[in-house]
Amino acid sequence: MQAVVRWVLIVAGVGGTVALLAIGVLVGVALAVSTRLPSVDALYNPPSEATRIYAADGQLVASLYRENRDSIPLSQVPLVLQRAVIDTEDADFYRNRGISLRGILRAGLRNLVEGGYAEGGSTITQQLARNLFLTSEKSIGRKIAEMLLAIQIERRLTKDEILERYLNQVYFGQGAYGVETAAEVYFGKPARELTLPESAMLAGLIRAPSAYSPYEHPERARARMAEVLQRMVDVGDITPRDREAALNRPLPLAAKGNAGLIGVRAPYFVSYILPTLLQRYGEDTLYKGGLRVYTTLDLTLQAEATEALRRGIDSALRQHLNVHQGAVVVLDPRTGAIRAMVGGYDFRTSQFNRAWQAHRQPGSAFKPFTYTVALMRGIPPTHLLRDEPIEFQLPGGKVWKPQNYDQKWHGQVTVRYALENSINVASIRLEQEVGPKAIVDLAHRMGIQSPLAANLSLTLGSSDVTLLELASAYGVFATEGIRATPMAITKVTDYRGKVLEEQVPERRVVLSPEVAYLMTDLLKGVVQRGTGTAANIGIPQAGKTGTTDDYRNAWFIGYTPYMVTGVWVGNDDDSPMNRVPGGSVPAQIWAAFMKKATAGHPQDDWPRPDGVVEQTVCGPAAAPAGAVCAGAHPELFVRGTEPETLASPAVTPAPAGQPGSGPPAQQQPGPDQAAPQGNGQAGPPAPAPGPAPSEAPPAVPVSTGPLSLTITAPREGEAVTPPVVVQGVTRPGATVHLTVLSQGGVLRVQVADVYIRVDQSGAFAYRVDPWLKPSGGSLVITASATAGADSATTTVTVPIR
């Protein structure tokens with residue numbers, strides 16, 4: 001008996017010693033770990049949350065995140081989901097102090113039986129500590145750190161605050177963090193609408209999201225859901241009847257998809273705004289800060305533009321036209337809002353955004369800038385241009401001989417006919433008259449941001465531009481001269497709803513309403529009877545084709561009063577297409593899209609400004625002496641540029657009663673490009689601007705002294721009520737550049753910018769009707785006159801009544 005007692009004492013002593021040693025080791029580990037614990041101050045930081053991007057109508061477009069999370073308050077989490085999670089993960093949550101000794105003993109026993117680390121026995125508070133501050137490494141050191149952090153968390157937060165943070169942090173699989181995102185990913189609804197079986201399904205995912213995925217392992221997921229429901233019965237939160245009803249209830253899932261791809265419905269548009277967001281807010285805030293980004297995107301137009309582009313390219317490939325890529329951009333010219341952007345055939349195969357990243361030669365789609373400058377200089381649509389052979393000497397002894405597409409010469413043609421039919425050489429001669437630098441300046445003011453070379457091939461589109469900037473520039477024509485800067489983002493808020501930025505349309509006057517209207521009328525002719533007839537959908541519309549050498553790029557930019565759409569097609573390797581001009585595939589894509597986009601909208605035409613007048617002109621360029629005016633038809637003019645008598649400008653008679661002088665629409669409109677030069681360029685640099693060879697410059701009155709210039713009405717300081725007729729006098733034959741600023745308070749807006757021809761007496765007049773008429777404001781009227789080498793400038797400021 002004494003021997004037995006002795007052995008018992010020995011075993012007890014050894015066991016006690018071992019226990020004391022174990023306790024000492026644990027205390028030592030705990031002390032070591034405690035010195036390296038992270039600060040729990042991060043508890044008060046907002047959780048990492050996805051940035052949401054919304055369309056103009058509030059629909060979700062995309063989520064940007066490292067952890068896809070949408071945090072919600074505990075009050076928006078249904079009680080049935082709260083209890084399902086608590087009953088499954090930590091039934092004693094509201095009774096323990098962050099550590100459950102019973103859970104630790106249960107986990108320790110299981111680990112001993114299974115001979116490994118099978119269960120951690122962590123409370124909800126411990127899991128929150130691990131999710132926020134630690135890794136998922138399975139070790140004694142991490143477990144002790146988890147317990148110590150849980151104790152600190154319990155001291156700082158209430159149980160409801162801990163539960164709220166936990167439900168917003170925990171991972172549910174499929175890229176979803178937090179109950180709100182999980183509810184959307186798995187069931188397509190917000191968390192507040194979850195039912196009992198749906199809540200049980202989500203609660204069962206927490207332990208092992210991949211193993212219990214209802215998509216990959218539906219039977220295992222149902223079994224796990226049944227376990228959760230039984231656990232809720234055991235603790236008294238639901239009845240056995242509730243459990244049976246939940247198990248027998250259908251459980252429809254949302255379409256499978258990783259949360260990282262949920263809602264990305266316009267990837268090219270999103271890729272356009274991403275650089276701006278990154279620059280303004282930084283990577284951490286963008287991907288973890290829960291921003292709410294509201295945009296101008298119209299998802300219906302985006303889908304229709306995508307479909308039109310793909311169908312157009314597919315059709316071209318079936319015809320062996322070697323067209324593999326394209327882009328479409330749609331804007332509201334009144335505000336600059338980008339309504340749709342398709343940067344390629346398929347974002348999955350190529351993320352390069354050709355709508356704004358690709359710089360390509362626009363071909364004849366650039367010609368409207370040249371013709372606009374001409375109208376600003378007082379050159380009317382009936383002005384004659386010589387379409388005859390021309391050549392330019394280049395450095396190195398080379399000669400540039402620009403050609404027309406049809407390899408024909410048309411003799412004397414009007415400005416209208418040359419633009420409608422995209423005649424290259426006539427356009428070059430017009431550029432010689434107005435000067436390349438003036439064209440560059442205007443193009444930049446209208447929205448072209450790319451660098452432009454001021455040479456005589458400029459009008460043929462030899463300088464690279466992007467589709468977005470070209471479409472935006474055409475918007476100035478659509479809005480009667482007002483430039484609206486492209487805008488994709490309207491508002492950004494933080495996750496609490498605080499407004500971080502709010503954008504409003506940025507607009508300024510670039511052209512007079514008269515010039516813009518007349519350009520639109522010229523571009524209407526392109527669609528009605530010129531190179532762009534394939535784009536004609538029978539509504540008030542205007543546009544221009546563009547094609548470059550060897551058919552490497554083909555464009556159509558067209559617009560209505562409220563929508564501008566640009567289309568480009570080509571190949572990424574810059575290989576030629578198989579004779580694809582802008583009037584074919586791009587115009588067809590444009591028409592297919594615009595038919596749907598404009599359906600149900602008012603088919604409004606542009607109102608004619610008071611400064612545009614209609615006058616009858618003759619058709620043939622040269623009628624026999626004494627003959628009756630043949631082919632008479634109406635033509636439009638900016639007031640002051642119309643002929644005093646019937647003119648005979650055109651080559652081919654136009655149908656009576658129809659503006660313009662072009663021929664009937666061609667069945668197969670040809671491209672509008674110069675003959676290939678062998679280097680993929682629309683033309684080489686040309687000599688300094690001047691009159692065309694063998695063409696005499698216009699007569700300029702001989703200077704009889706310093707150039708005088710006076711604004712005779714209104715006078716300096718004279719109060720006026722708009723509209724105002726600005727009158728002045730200078731040397732006969734001079735050209736006057738008139739600009740008018742309307743200002744009031746902090747506003748300062750240009751409301752007129754026009755070139756005026758002076759009459760034989762030296763007088764000039766122009767009617768200004770500013771859209772901005774601030775009470776108590778003023779108009780600043782500046783006139784600049786040039787005559788040969790002489791120039792003069794004068795300014796008057798008048799108050800507005």
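This short presentation describes the fold of one protein, from the whole chain down to two of its sheets.

Colleagues, please note that this is a predicted model, in which local features need pLDDT of at least 70, side-chain atom pairs count only at pLDDT 80 or more, and totals for chains, interfaces and linings use all residues. Residues are numbered from 1 along each chain as its sequence is written, and side-chain values use heavy atoms, with hydrogens and water left out.

I begin with the whole. The protein has 19 helices and 27 strands; helices (H or I, at least four residues) and strands (E, at least two) are DSSP runs, numbered from the N terminus. Of its 801 residues, 54% are buried, that is, under 20% relative accessible area with a 1.4 Å probe, protein chains only, where exposed means over 50% and partly exposed lies in between. Among contacts (heavy atoms within 4.5 Å) with a separation of 6 or more, 69% join residues 24 or more positions apart.

Let us turn to a sheet. Five strands form an open, antiparallel sheet in the order β7-β6-β18-β17-β16; two strands pair if DSSP finds at least two bridges between them. At the edges stand β7 and β16 (542-547), each pairing on one side only. From one strand to the next, the twist averages 10°; axes are lines fitted to C-alpha atoms, for helices over the stretch in contact, and angles run from 0 to 180 degrees between N-to-C directions. Helix α17 (residues 467-478) packs on this sheet and touches β6, β7, β16, β17 (553-560) and β18. The direction of α17 makes about 30° with that of β17.

Within this sheet, strand β6 (residues 325-332) pairs with β7 over five bridges and with strand β18 (residues 563-570) over seven. L331 stands opposite I338 in β7 and opposite V564 in β18. Four residues lie between the strands in the hairpin of β6 and β7, where G336 takes a positive phi near 85°.

Why is strand β7 (residues 337-342) largely enclosed by the rest of the structure? Five of its six residues are buried, so the surroundings largely enclose β7.

I close with a second open sheet of five strands, in the order β2-β1-β5-β13-β14, with mixed pairing. Here the edge strands are β2 (60-64) and β14 (499-502), and neighbouring strands are turned by 15° against each other on average, direction ignored. Strand β1 (residues 51-54) and strand β5 (residues 292-295) pair in the parallel sense over three bridges, and R52 has R292 in β5 as its bridge partner.
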